[in-house]
Amino acid sequence: MATNLVNVESVGKVYGTRALLDGVSLGVNEGDRIGVVGRNGDGKTTLIRILAKLEPADDGRVTHSGDLRLGVLTQHDSLDPGATIRHEVIGDLADHEWAGDAKIRDVLTGLFGGLDLPAFPQGLDTVIGPLSGGERRRIALAKLLIAEQDLIVLDEPTNHLDVEGISWLAGHLRARRSALVVVTHDRWFLDQVCTRMWDVQRGAVHDYEGGYSDYVFARAERERIAASEEAKRQNLVRKELAWLRRGAPARTSKPRFRIEAANALIADVPPPRDSAELMRFANSRLGKTVFDLEDVTVTAGPKVLLKHLTWQLGPGDRIGLVGVNGAGKTSLLRALSEAARSEGERQPAGGRIAVGRTVKLAYLSQEVAELDPNLRVLEAVEQVRQRVDLGKGRELTASQLCEKFGFTKEKQWTPVGDLSGGERRRLQILRLLMDEPNVLFLDEPTNDLDIETLTQLEDLLDGWPGSLVVISHDRYFIERTTDRVLALLGDATLRMLPRGVDEYLERRQRVLAAAAPAAAAPAKRKTDEQAARQRSAAEQRAAKKELQRIERRLDRISGQESELHTRIAEHATDFAKVAELDAQLRELTGERDELETRWLELADDA
């Protein structure tokens with residue numbers, strides 16, 4: 001029987017006149033991996049702070065097991081600004097000690113891209129004070145994960161992580177023995193990591209078995225049985241359930257309730273989007289040309305981000321854009337935006353961008369636009385337009401659109417200055433959509449948005465007829481709202497990925513695996529210097545010689561793999577040829593895996 005780590009009994013918490021938690025009782029056992037979801041402001045963070053005893057409850061009791069080792073990542077770190085990363089993360093361990101610890105190597109590589117922390121000017125000796133909030137948050141997360149805990153409590157751990165970082169963190173947490181309680185709006189992450197869900201709603205916490213997909217299924221069934229009066233919310237849940245069951249059934253491998261009931265529930269739910277109809281409508285609004293890029297070069301200061309790029313964004317295209325940080329995703333959108341604003345007069349550093357005459361662009365940047373803090377929410381929306389045409393005969397008033405985005409009748413009269421960061425983000429998206437654009441650029445639109453707001457935004461975009469480009473680290477949102485995924489892999493090119501984000505992660509892993517031997521060999525030799533002196537000189541020379549041979553072969557394999565990927569793309573319609581090339585690729589992959597295993601063995605002797 002699993003040991004109980006934390007027990008929460010009849011806990012209540014009131015802020016002002018609002019009860020965030022009312023008589024909540026729950027527990028965390030060994031091996032639990034619990035995801036906490038709910039609307040912004042409903043008490044998710046308050047719940048986990050009370051659970052971790054960082055904040056007292058007004059009523060009830062919270063009990064920890066006597067020897068509980070607890071690690072907590074809050075939204076505000078407690079790092080010493082005068083300390084170095086080395087001091088905060090590794091402490092007093094000597095280089096050969098921490099570099100010989102597989103867990104420390106895994107955390108540093110997963111969160112920072114390498115043991116030498118390539119993104120920081122002085123590596124581990126970088127002083128924390130001048131760093132950005134996102135960089136500090138990665139450091140706090142690394143410090144937490146390196147330690148040993150019985151229970152880890154994480155509040156929005158995926159914020160400031162890219163797609164690769166989120167994928168690594170999910171795998172790391174799955175492999176740990178620690179129990180986990182995590183608040184996050186990243187639905188893919190919840191599906192990958194969690195085995196239970198807590199849904200915080202109106203002072204209560206509903207407990208569900210399974211990950212996010214199982215939670216959506218169970219919640220839809222519960223609301224159907226209860227004949228919930230919240231028709232709008234129920235319809236959104238049913239729509240998302242339909243997408244999950246039809247579009248990605250593998251997301252839930254162990255459903256915790258009758259799948260037959262789930263299938264019956266969505267029998268009359270159409271696909272999220274009628275792509276053909278939306279494409280016809282987009283053509284009528286945009287014509288044939290939206291953005292045509294010919295031999296374009298995009299720079300950021302002296303750095304060349306993209307070169308010789310020829311690409312077309314057509315009417316009705318729905319594109320997800322992923323890539324390594326600093327590869328030029330935002331810079332590409334800015335270049336397109338500048339060309340659109342100047343009607344083609346402002347051009348990038350090289351090449352030319354042609355803009356369709358009917359293009360009406362709305363660009364949601366990562367920065368929240370400043371509004372008059374004295375304006376009411378509804379007034380800020382009505383400043384743009386009183387009514388909005390969503391296509392297919394759908395028209396909404398400013399007030400109705402506000403309600404779709406979680407601004408109730410009462411909330412619509414709240415001054416903008418009193419809104420939270422997530423609410424301001426919602427308001428920013430609202431104002432963009434009210435202007436009836438036919439091209440929409442969304443740069444990290446999921447920042448600060450809760451899951452219910454995300455599903456409402458996805459529902460709205462399902463029927464939005466226009467061209468859409470989304471930059472996001474939230475792969476669930478990308479998969480849900482776009483039809484194709486393009487990637488910037490840091491080599492100044494834009495590549496189409498037929499298999500989406502999964503293919504992007506595979507490509508990145510191959511790049512990192514090819515680079516790892518050359519980068520790791522000097523560090524490994526340095527940390528094992530003392531042990532190496534105890535071995536015979538002949539053994540060391542032989543091991544080093546074989547290491548060099550393996551590294552040369554790994555370099556050649558990397559080049560051959562790249563060439564095969566190019567040839568597969570060239571022969572995409574020749575299935576026989578693709579099968580032949582794929583077999584060659586698998587052989588190379590197998591050889592690379594064997595060589596890398598042998599390299600690791602030899603590194604101990606070199």
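These legends go with a set of close-up views of a predicted model.

**View 1. The largest nonpolar core, with F405 as a way in.**
Start with the largest nonpolar core, which has 72 residues. The residues with the most contacts inside this core are F291, L293, W311, L336, F405, F441 and Y504. Pick F405 and look at what surrounds it: setting aside neighbours within four places in sequence, F405 is in contact with R39, R426, I429, L430, L433, T453, Q456, L457 and L460. There is also a second, separate core, this one of 48 residues, and L117, A142, L145 and I166 are among its members. As background, nonpolar side chains in soluble globular proteins tend to be buried together.

**View 2. Strand β7 and how it is covered.**
Here's β7, residues 179-183. Five of its five residues are buried, so the strand is largely enclosed by the rest of the structure. Which residues sit on each face of β7? A179, V181 and V183 are on one side, L180 and V182 are on the other, and all of them are buried. That split is easy to follow if you remember that side chains in a regular strand alternate between the two faces of the sheet.

**View 3. The strands that pair with β7.**
Now for the partners of β7. Strand β3 (residues 33-37) pairs with β7 in the parallel sense, over four bridges. To find your place, look for R33, which stands opposite L180 in β7. Strand β6 (residues 151-155) also runs parallel to β7, and five bridges join the two. On this side, a handy marker is D155, whose bridge partner in β7 is V183. Follow the chain from β6 through helix α6 (residues 163-175) to β7 and you've traced a right-handed β-α-β unit.

**View 4. Strand β19 and its two pairings.**
Strand β19 covers residues 484-488, and four of its five residues are buried, so "mostly covered" is a fair description by the under-20% cut-off for relative accessible area. Strand β12 (residues 318-323) pairs with β19 in the parallel sense over five bridges. Within that pairing, L321 has L486 of β19 as its bridge partner. Strand β20 (residues 494-497) pairs with β19 too, but in the antiparallel sense, over four bridges. Here V485 is matched with L497 in β20.

**View 5. G490 in the hairpin turn.**
Zoom in on the hairpin that β19 and β20 form, with five residues between the strands. G490 lies in the loop between β19 and β20, and in this turn G490 has a positive phi of about 90°. Is G490 buried or exposed? With a relative accessible area of 57%, G490 is exposed. Leaving out neighbours within four places in sequence, G490 is in contact with V324 and A327. G490 and A327 are 163 residues apart in sequence, yet 4.9 Å apart in space, C-alpha to C-alpha.

**View 6. Salt bridges, one pair at a time.**
The structure holds 29 salt bridges, and this view picks out a few. As a reminder, side chains of opposite charge can pair when their charged atoms come close. The side chains of E452 and R219 meet in a salt bridge at 3.4 Å, N to O. E452 lies in helix α16 (residues 451-462) and R219 in helix α8 (residues 212-225), so this pair ties together parts that are 233 residues apart in sequence. Both E452 and R219 are buried. R86 and D95 form another salt bridge, at 3.0 Å, N to O. Here R86 is partly exposed at 22% relative accessibility, and D95 is partly exposed at 30%. R499 and E506 meet in a salt bridge at 2.7 Å, N to O. R499 is partly exposed, with a relative accessible area of 48%, and E506 is partly exposed at 30%. Finally, K13, R49, E55 and D58 are joined into one network by salt bridges that share partners.

**View 7. Two buried cysteines.**
How many disulfides does the model hold? The count comes to zero, taking a disulfide as a pair of cysteine sulfur atoms within 2.5 Å. Two cysteines are shown here: C194 counts as buried at 6% relative accessibility, and C402 counts as buried at 0%.

Methods
Residues are numbered from 1 along each chain as its sequence is written. This is a predicted model: local features need pLDDT of at least 70, side-chain atom pairs count only at pLDDT 80 or more; totals for chains, interfaces and linings use all residues. Side-chain values use heavy atoms; hydrogens and water are left out. A nonpolar core is a set of buried Ala, Val, Leu, Ile, Met, Phe, Trp, Tyr and Cys residues joined through side-chain atoms within 4.5 Å. Buried means under 20% relative accessible area, exposed over 50%, partly exposed in between (1.4 Å probe, protein chains only). Contact means heavy atoms within 4.5 Å. Two strands pair if DSSP finds at least two bridges between them. A crossover is right-handed if, with the strands pointing away from the viewer, the path from the first strand over the helix to the second runs clockwise. A salt bridge is a side-chain nitrogen of Lys or Arg within 4 Å of a carboxyl oxygen of Asp or Glu.
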